[in-house]
Amino acid sequence: MAAREYGQFCGLARALEMVGERWTLLIVRNLLSGPQRYTDLRKGLPAIPTNILAARLKQLEEAGLAVRRALPHPERAVVYELTDYGLQLQPALIALGRWGARTMTGPRPGEIVTAESVAMAFRTTYRPETARDTTIGYEVRMGGFTLRLQITDGALTVGIGPHPAPDLVIERLSDQGIHVLMTGTRTAGQALADGSVRVEGDPELLHRFAETFRF
């Protein structure tokens, strides 16, 4: 750890010693969606060198932010997951994501969209003031992947994979289908009418979705 020490008695310096190196916060971002195998992390971060991924995971373990766990039979796999201490980084990542999103328009050449990056977008655009005392589940199908969004008494959790009992399924039918809802470029009714998205369930819930997740 000595090579990463800043020599400052400061909470921010101490935090940067643990998570300030390149790729570390993106690994944490991906683990916010739940436990992942090494291969899952490689898939979600295809540009990361394998030696860097291994080193960053080791550093997260040493800092008490992540642990390795063997899945029970018949999985026979090892997953990485955040500890309670690691999960406490979520508000900081959401704040950074909101700050960074202010400079974003569309993807730059070579940039890709992953399930984990979209999951983070839902966390950063979530407007809790629109969902006080609300309990509702969404399944969002993005073509190459599916996300589950669960709001329980106003608290949001986001995961990768189908929702076990969604109140509304939203399927993207065009490249910008979900994006136009979240930016307010189109209303829920317009997005349904022009074929940007289709839904399974009460279409009125799409209006609530568009109000709840807004750039």
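Which residues of α2 are buried? They are Thr24, Ile27, Val28, Arg29, Asn30 and Leu31. Put another way, α2 is mostly covered, with six of its eight residues buried. Keep in mind throughout that this is a predicted model.

**Pockets**

Let's start with the empty space. Rolling a probe the size of a water molecule over the atoms shows where such space is left. Here are the two pockets, side by side.

| Pocket | Volume | Lining | Nearest the centre |
|---|---|---|---|
| Largest | about 1,800 Å³ | 41 residues | Arg29, Met104, Glu111, Ile112, Ser117 |
| Second largest | about 440 Å³ | 15 residues | Gln36, Lys43, Ala115, Glu116, Ile160 |

Where does the lining of the largest pocket come from? Helices α2 (24-31), α6 (90-101), α7 (115-125) and α8 (177-183) each supply at least two residues. The largest share belongs to α7, which gives six residues. Sorted by class, this lining has 21 nonpolar, 14 polar and six charged residues. Arg29 is worth finding on screen: Arg29 is among the residues nearest the centre of the largest pocket, and Arg29 is also one of the buried residues of α2.

Now for the second largest pocket, whose lining divides into five nonpolar, six polar and four charged residues. The elements that give two or more residues to this lining are α3 (38-44) and α7. Here the largest share, three residues, comes from α3. So α7 turns up in both lists, as a contributor to the lining of the largest pocket and to that of the second largest pocket.**Nonpolar cores**

Which residues of the largest nonpolar core touch the most other members? Of its 30 residues, the answer is Phe122, Phe209 and Phe213. Take Phe213 as an example. Leaving aside residues up to four places away in sequence, Phe213 touches Phe122, Thr125, Tyr126, Tyr138, Leu149, Ile151, Leu156 and Met182. Apart from this core lies another, of 22 residues, which include Val19, Leu31, Leu41 and Leu82. Leu31 is also on the list of buried residues in α2.

**The sheet**

Strands of a sheet pair through backbone hydrogen bonds, either parallel or antiparallel. In this model, three strands form an open sheet in the order β1-β3-β2, with antiparallel pairing. The edge strands are β1 and β2, each of which pairs on one side only.

Let's walk across the sheet. Strand β1 (residues 36-37) pairs with β3 over two bridges. In these, Gln36 stands opposite Tyr80, and Arg37 stands opposite Val79. Gln36 should look familiar, as one of the residues nearest the centre of the second largest pocket. Moving to the other pairing, strand β2 (residues 66-70) and β3 are joined over five bridges. There, Arg68 has Tyr80 as its bridge partner. That puts Tyr80 in a bridge with Gln36 as well as in one with Arg68. Strand β3 (residues 78-82) is mostly covered, with four of its five residues buried.

**Backbone oddities**

Most residues other than glycine have a negative phi, and most peptide bonds are trans. A few spots in this model go the other way.

Start with the loop between β2 and β3, which holds Pro74. The peptide bond from His73 to Pro74 is cis, with omega near 10°. Arg76 lies in the loop between β2 and β3 as well, and its phi is positive, near 55°.

The other spot is Trp23, in the loop between α1 (11-19) and α2. Phi of Trp23 is near 85°, again a positive value in a residue other than glycine.

Is Trp23 buried or exposed? Trp23 counts as buried because its relative accessible area is 16%, and the cut-off for buried is under 20%. Arg76, in contrast, counts as exposed because its relative accessibility is 70%, and the cut-off for exposed is over 50%.

Notes
Residues are numbered from 1 along each chain as its sequence is written. This is a predicted model: local features need pLDDT of at least 70, side-chain atom pairs count only at pLDDT 80 or more; totals for chains, interfaces and linings use all residues. Side-chain values use heavy atoms; hydrogens and water are left out. On a 1 Å grid over the protein atoms alone, a cavity is a set of points where a 1.4 Å probe fits but cannot get out, and a pocket is an open set with protein on both sides within 12 Å along at least five of seven lines; lining residues have an atom within 4 Å of a point. Grid points are joined across faces, edges and corners, and a volume is the space filled by probe spheres set on the points. Ala, Val, Leu, Ile, Met, Phe, Trp, Tyr, Cys and Pro count as nonpolar, Asp, Glu, Lys and Arg as charged, and the others, Gly among them, as polar. A nonpolar core is a set of buried Ala, Val, Leu, Ile, Met, Phe, Trp, Tyr and Cys residues joined through side-chain atoms within 4.5 Å. Buried means under 20% relative accessible area, exposed over 50%, partly exposed in between (1.4 Å probe, protein chains only). Contact means heavy atoms within 4.5 Å. Two strands pair if DSSP finds at least two bridges between them.
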